[in-house]
Amino acid sequence: LHWRKVHELPKAGRTAKGRAIVNLLDLKGEEQVTAFLPVHDLKEEGKFVLMVTKKGVVKKTALKLFGNPRTAGIIAIDLDKGDDLIETMITSGEDNILIATRKGMAIRFPEKDVRPMGRSTRGVRGIRLQDDDYVIGVSLAGDDMTVLSVSENGFGKRTQVGQYRLQHRGGQGIINIKTSDRNGEVVGMLTVDDRDEIVVVSTDGIV
């Protein structure tokens, strides 16, 4: 985990290329940024950082344990060899979590199923994956939300969260969206409501 104050980040226009992240953060070797979180108070009580990896590992750590960041960054999760951090989010400790995979599976479970851990720990299994599958998204899943899933060929669908029954973490989950030659594999998942607007971006940077 690295941190910067927002006023330290340069503003740029919509068509600008942006600034290389290596000029802003002290990244090591092949380290890459995979997620970012807006936080007003790093020492706020009752808040957690939830992390999910490509191989379905979930870890929850109290936000206050990141309250003394260093310029060179601090350890947030101990990753297994070949695994990558996919997503992080701030949680209340009382939320429900939805994890989605590239092959169209998803699991919804109570955040309480994941006990809080220290920074230098691995985490626990969130979803059991098939050999050729991996996690592509995680979101907080309130009962009043809908699940928006988008595939690599530009197709999407929206489903009520209530159709994803609550399970214990570590299971295979249920079918979220059918993958096919038409749809392709799943590339993204978010929980949304009717007031939200969605921006979809292609690999070529087209919005």
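**View 1. Val22 in the predicted model is exposed, because its relative accessibility is 58%, over the 50% cut-off.** The model shown here is predicted. Val22 sits in the segment before S1. Together with Ile21 and Val33, Val22 forms a nonpolar patch on the surface. The accessible area of Ile21, Val22 and Val33 together is about 250 Å².

**View 2. The largest pocket encloses about 1600 Å³ of space.** Its lining counts 42 residues. Nearest the centre lie His2, Leu25, Val33, Ala35 and Phe36. Two elements, strand S1 (48-53) and strand S3 (85-91), give two or more residues to this lining. S3 gives the most, with three residues. Val33 also belongs to the surface patch with Ile21 and Val22.

**View 3. Residue classes in the lining of the largest pocket.** Nonpolar residues number 27. Nine residues are charged and six are polar.

**View 4. The second largest pocket holds about 870 Å³ of space.** Here 28 residues form the lining. Glu87, Ile136, Gly188, Met189 and Leu190 lie nearest the centre of this pocket. At least two lining residues come from each of S3, strand S7 (135-140), strand S8 (146-151) and strand S11 (186-192). S3 thus appears in this lining and in that of the largest pocket.

**View 5. Residue classes in the lining of the second largest pocket.** The lining has 18 nonpolar residues. Eight residues are polar and two are charged.

Note on methods. Residues numbered from 1 in each chain as written. Predicted model: local features only at pLDDT ≥ 70, side-chain atom pairs only at ≥ 80, totals over all residues. Heavy atoms only, no water. 1 Å grid on protein atoms, 1.4 Å probe; cavity = no way out; pocket = protein on both sides within 12 Å on 5 of 7 lines; lining within 4 Å. Points joined across faces, edges and corners; volume = space filled by probe spheres on them. Helix = DSSP H or I, 4+ residues; strand = E, 2+ residues; numbered from the N terminus. Nonpolar A, V, L, I, M, F, W, Y, C, P; charged D, E, K, R; others polar. Patch = residues over 30% accessible without salt bridge, like charges linked within 9 Å, V, L, I, M, F, W, Y side chains within 5 Å. Areas by Shrake-Rupley, 256 points an atom, 1.4 Å probe, with all protein chains shown as cover. Salt bridge = Lys/Arg side-chain N within 4 Å of Asp/Glu carboxyl O. Buried < 20%, exposed > 50% of the residue type's maximum accessible area, 1.4 Å probe, protein only.
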